[in-house]
Amino acid sequence: MGDTEEDVERRSDELEAVEAIYPTEFKLLTDFREVTGSGDGDGAGKSTVVEFSLSMGLGLQSSAESGPPSEPGMLILTFALPSGYPSTQQLQVSCRCDELSRRLLDVLTEAVAMDVDQLGVGSEAVLEVTSAALDHAQGVVEEARAAQDAIAAAAAAASKANEKDSEWRRVFFWSNHLLDGKSHKKEAQLKAAISATNLTGAVFFGVPGVVVVEGPQMSIDQFEKDARALGKPLKPKKSQAMPAKVADCYFQKVKSVSTTAKGGLNVEALQADLHELKLEHKFKHIIGLEDLQG
């Protein structure tokens, strides 16, 4: 069915209104209004009278995989106003957004198509469909952003884990007491936990006790968890970076330093190791004397 004079007038009025509301977003693509309905000329017999696009900014950054789009962050709605619109023919709409995945773009396109079908024929639909499409697009954009954020968070967590795993440190821990002797199973298990996590270090038995470990930070974290599980919680007192990793190791294995004759911490042995590590000034802090004085 062809145009009526009313269709022509209503279509023209609607086009003027759209261009007035979206002056910078509007782009005329095809215009056969002057020739449609005539028996000759390039536009004769054309079903589409007017075709135009609206490029709406969404503020969504382009992903690296999709490559740089021609219009970053744009939802492009292309409208075709056919002969007979709006009285007997429906509005035709297509969507494009290079920043959205094919799945999300299909979701948006389907939602817009449903809006067009619900409006049917008989009324101007461009402005209403545009408004609805922007609402739909906002929801799709939020879904895309949530997916991007989840990917970025996972990548950051993996990067942080890799960085932590590659970082080596020497950590001195304080314990309320570490009792020496085979009868004290928790202490024996604590020493075994150092080796089990591929760390080197030393256990200074006594009251208080001191444990020092060297190795990857993630292994040290695991050792702390194991110590708590054994009922021997440890308090970190001093940490040193080991940029050269294995080459910076002071302890070649896990050594034990027995208590004094009175069951106390072997202060001389601990001070000797601290001297070699240039940490003599941290002695009181490591054994907890500063905490008591405070």
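The legends below describe close-up views of a predicted model.

**Figure 1. Overview of the predicted protein and its confidence.** The model comprises 294 residues, of which 37% count as buried. Its secondary structure consists of eight helices and nine strands. Among the contacts with a separation of 6 or more, 69% join residues that lie 24 or more positions apart. The mean pLDDT of the protein is 86, and 85% of the residues reach 70 or more. Residues 36-45 have a pLDDT below 50, and this stretch has nine contacts in the model beyond near neighbours in sequence. Residues 62-72 likewise stay under 50 in pLDDT; here the model has 13 contacts beyond four places in sequence.

**Figure 2. The largest nonpolar core, with 32 residues.** The members that touch the most other members are F52, L54, L75, F79, L91, L108 and V126. At least two residues of this core come from each of α1 (5-21), β2 (48-57), β3 (74-82), α2 (102-119) and α3 (126-166). Helix α3 gives the most, with seven residues. Apart from this core lies another, of 16 residues, which includes V203, F205, V213 and L234. In soluble globular proteins, nonpolar side chains tend to be buried together.

**Figure 3. Surroundings of L108, a member of the largest nonpolar core.** When neighbours within four places in sequence are left aside, L108 is in contact with L75, C95 and L100, among others. The remaining partners of L108 are A133, H136, A137 and V140. L75 is itself listed with L108 among the core residues that touch the most other members.

**Figure 4. M56 in strand β2.** M56 is buried, with a relative accessible area of 5%. The strand that holds M56 is β2, which supplies at least two residues of the largest nonpolar core. M56 and E25 are separated by 31 residues in sequence, while their C-alpha atoms are 6.3 Å apart in space.

**Figure 5. Packing of helix α4 against helix α5.** Helix α4 spans residues 185-196 and helix α5 spans residues 217-229. The two pack at an angle of about 160°, with their axes 10 Å apart. Because this angle is over 145 degrees, α4 and α5 are roughly antiparallel to each other. The crossing in which α4 passes α5 is right-handed. On the α4 side, the contact is made by L190, A193 and I194. On the α5 side, F223, D226 and A227 take part.

**Figure 6. V257 in strand β9 and its contacts.** Strand β9 covers residues 254-257, and V257 is found in it. V257 is buried, as its relative accessible area is 9%. Beyond neighbours within four places in sequence, V257 is in contact with V203, F204 and F205, as well as with N266 and A269. Of these partners, V203 and F205 are named among the residues of the 16-residue core. The C-alpha atoms of V257 and G206 are separated by 9.0 Å, although these residues are 51 residues apart along the chain.

**Figure 7. Two cis peptide bonds that precede proline.** The peptide bond from Y85 to P86 is cis, with omega near 10°. P86 is located in the loop between β3 and β4 (92-96). A cis peptide bond also runs from V207 to P208, with omega near 0°. P208 occupies the loop between β6 (200-204) and β7 (209-216). For context, most peptide bonds are trans.

**Figure 8. Positive phi values at N198 and K278.** N198 has a phi near 60°, a positive value in a residue other than glycine. This residue, N198, lies in the loop between α4 and β6, and N198 is exposed, with a relative accessible area of 66%. K278 also has a positive phi, near 60°. The loop that contains K278 runs between α6 (267-276) and α7 (283-287). K278 is exposed, with a relative accessible area of 65%. Most residues other than glycine have a negative phi.

Methods
Residues are numbered from 1 along each chain as its sequence is written. This is a predicted model: local features need pLDDT of at least 70, side-chain atom pairs count only at pLDDT 80 or more; totals for chains, interfaces and linings use all residues. Side-chain values use heavy atoms; hydrogens and water are left out. A nonpolar core is a set of buried Ala, Val, Leu, Ile, Met, Phe, Trp, Tyr and Cys residues joined through side-chain atoms within 4.5 Å. Buried means under 20% relative accessible area, exposed over 50%, partly exposed in between (1.4 Å probe, protein chains only). Helices (H or I, at least four residues) and strands (E, at least two) are DSSP runs, numbered from the N terminus. Contact means heavy atoms within 4.5 Å. pLDDT is the predictor's confidence in each residue, from 0 to 100. Axes are lines fitted to C-alpha atoms, for helices over the stretch in contact, and angles run from 0 to 180 degrees between N-to-C directions. Angles under 35 degrees count as roughly parallel, over 145 as roughly antiparallel, 65 to 115 as roughly perpendicular and the rest as oblique. A crossing is left-handed if the near helix is turned anticlockwise from the far one by less than a right angle, and right-handed if clockwise.
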